[in-house]
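Student: I would like a close look at one part of this model, strand by strand. Could you walk me through a sheet and whatever packs against it?

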Amino acid sequence: MKKEIIINSTQHETRVAVLENDKLVELLVKGADEKRMVGNIYKGKIKAVLPGMQAAFVDIGMEKAAFLHSSDIGQEGDSQYDVDDDEEAPAEIIRKERRAGIETVVKEGQHILVQVIKEPISTKGPRVASEISIAGRYLVLVPDDNHIRVSKRITDWGEKKRLRNIVRTHRPEGFGFIIRTEAEGRDESDFKADIKRLLKFWVPLKKRADKLEPPALLHQEMGMISGLIRDIYSDDVDSLIVDNRTVYREIMAFVREVAPSLKGRVHLYKDKMPIFDHYNVEAELEKTMDRRVWIKKGSYLIIDQTEAMVTIDVNTGRFVGRKDQETTILRTNLEAAREAARQIRLRDIGGLIVIDFIDMYRYENRRKLYNEFSSCFKHDRAKRAISPVSDFGLIEMTRERVRPSLITALSEPCKYCDGFGRVLSKDTMATKVERWFLRAKTAGKNTKFNLIVNPDLAEYITNGGVNRISRLATTHRFHINLVRDTTISAQEFLVTDMDSGADLYKIHAT
């Protein structure tokens with residue numbers, strides 16, 4: 001499988017696209033002022049303990065208290081796993097089963113070290129765990145533990161045993177480790193270097209934690225780019241292409257330290273055409289807000305996202321097939337399964353998901369559908385559980401929700417429908433305007449423009465520390481006349497030629 005990582009970085013936004021066989025399967029978007037919280041380590045103070053919920057709320061210095069569930073509290077010296085046990089855990093934070101009520105473990109006012117495992121979403125504060133884990137290139141360090149676990153994605157038992165033996169030989173007393181998927185095939189020197197780096201990070205952090213009063217931030221998780229390199233830039237990635245020279249240098253410096261063998265696969269994109277246009281990513285992103293997703297031969301998906309769950313409905317549309325009805329339905333369902341899985345990963349949909357496939361009578365066909373759908377998540381980084389096809393043609397699944405979905409990140413509640421629907425955010429629309437003028441610069445046909453937008457959008461792109469229109473005009477040597485038009489939607493913008501008045505571009509509200 002061909003796998004590429006494409007990075008588009010501008011002054012206001014960084015976007016990372018993951019392509020598998022030239023198809024977009026994952027997108028990460030981060031604004032210039034946006035900071036990720038997952039992985040941050042805090043010294044907090046217990047504000048309240050709720051035995052009925054088996055949870056506690058922790059003050060970590062944010063507006064909303066962090067949520068700590070009993071299942072996310074480590075029990076030093078009390079685990080159902082043994083060092084030499086063959087039981088496995090995913091290569092993230094280990095969660096141990098609780099045997100006592102939370103009220104016997106934590107008390108109001110108690111100081112506690114916690115790590116964020118879920119970003120704040122909607123009205124909820126971040127979710128935290130009291131068992132700290134620090135990710136390296138090949139290992140995850142777990143302080144106050146003495147167990148060695150291996151990622152479930154390493155399936156060869158001989159390799160698992162080899163990796164365990166290496167880590168066991170070099171494991172410092174009082175520390176546990178999770179062996180990550182990237183460790184497969186690595187030699188002893190790689191693990192020694194990784195353990196050294198992780199201990200060099202943890203020891204001063206622990207000393208600082210002992211001195212500070214809560215609430216206090218002890219560790220800010222690395223930026224999106226560095227975290228991405230650490231987590232997914234591995235031997236199975238054919239190339240990483242970035243269009244920003246500063247970010248390119250940052251990546252090269254990080255790769256030289258943690259994975260020098262991969263530095264030859266990092267490339268700086270220098271063409272005039274925007275990088276996401278060149279790799280056909282931009283066209284795919286335009287469709288991520290659509291409810292209807294077309295598949296092949298006229299069939300399509302309808303994707304609806306609610307507070308409780310996401311539903312995906314499969315429709316044959318105009319596809320009627322040439323053989324018997326069951327065969328036609330199977331072919332449609334298999335295509336729909338592949339596209340539904342891609343959309344779930346691309347839109348980063350989490351929580352409960354229900355896919356309503358077209359009913360099939362034969363058990364063998366339902367089994368084929370389940371196997372095809374499950375196999376499409378082989379490279380998905382999120383934890384998930386998928387149920388077999390029910391008698392009603394439904395597949396139900398849950399998928400880990402670590403951060404808000406892509407639609408939530410790129411849009412905002414519509415003020416005209418009392419939050420029932422969503423519209424593109426002003427920041428997303430402003431970025432769309434900037435990208436259009438970048439393409440206009442590449443085309444080189446016009447230099448004088450009228451930009452016609454809704455007054456709300458006009459206020460957003462000209463207000464604040466930087467007037468985006470002035471900066472665009474200066475950067476590209478354009479003359480841009482900003483026109484405020486109350487008849488145009490905040491989801492639209494129109495560009496005309498200043499001299500002839502001819503329409504050059506219009507994006508319609510959907």
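Tutor: Happy to; below is a tour of one sheet with its helices, followed by a short stop at another strand. Keep in mind that the model is predicted.

The sheet is an open one, built from four strands in the order β9-β10-β12-β11, with mixed pairing. Its edges are taken by β9 (134-135) and β11 (148-150); each has a single partner strand, so one side of each is left without a neighbour in the sheet. Between β10 (residues 139-143) and β12 (residues 175-179), five bridges make an antiparallel pairing. To find your way along that pair, take leucine 141, whose bridge partner in β12 is phenylalanine 177.

Now add the helices. Helix α1 (residues 157-170) packs on this sheet and touches β10, β11 and β12. The direction of α1 makes about 150° with that of β11. Helix α2 (residues 188-211) also packs on the sheet, with contacts to β9, β10 and β12. For α2, the angle to the direction of β10 is about 40°.

Now for the other strand, β14 (residues 239-242). β14 runs parallel to β1 (residues 3-9), joined by four bridges, and glutamate 4 has serine 239 as its bridge partner. Three bridges also link β14 to β15 (residues 266-268), again in parallel, and there valine 242 stands opposite leucine 268. Together with helix α4 (residues 245-258), β14 and β15 make a right-handed β-α-β unit. In a regular strand, side chains alternate between the two faces of the sheet. In β14, Ser239 and Ile241 point one way, Leu240 and Val242 the other, and all are buried.

How values were computed. Residues are numbered from 1 along each chain as its sequence is written. This is a predicted model: local features need pLDDT of at least 70, side-chain atom pairs count only at pLDDT 80 or more; totals for chains, interfaces and linings use all residues. Side-chain values use heavy atoms; hydrogens and water are left out. Buried means under 20% relative accessible area, exposed over 50%, partly exposed in between (1.4 Å probe, protein chains only). Helices (H or I, at least four residues) and strands (E, at least two) are DSSP runs, numbered from the N terminus. Two strands pair if DSSP finds at least two bridges between them. A crossover is right-handed if, with the strands pointing away from the viewer, the path from the first strand over the helix to the second runs clockwise. Contact means heavy atoms within 4.5 Å. Axes are lines fitted to C-alpha atoms, for helices over the stretch in contact, and angles run from 0 to 180 degrees between N-to-C directions.
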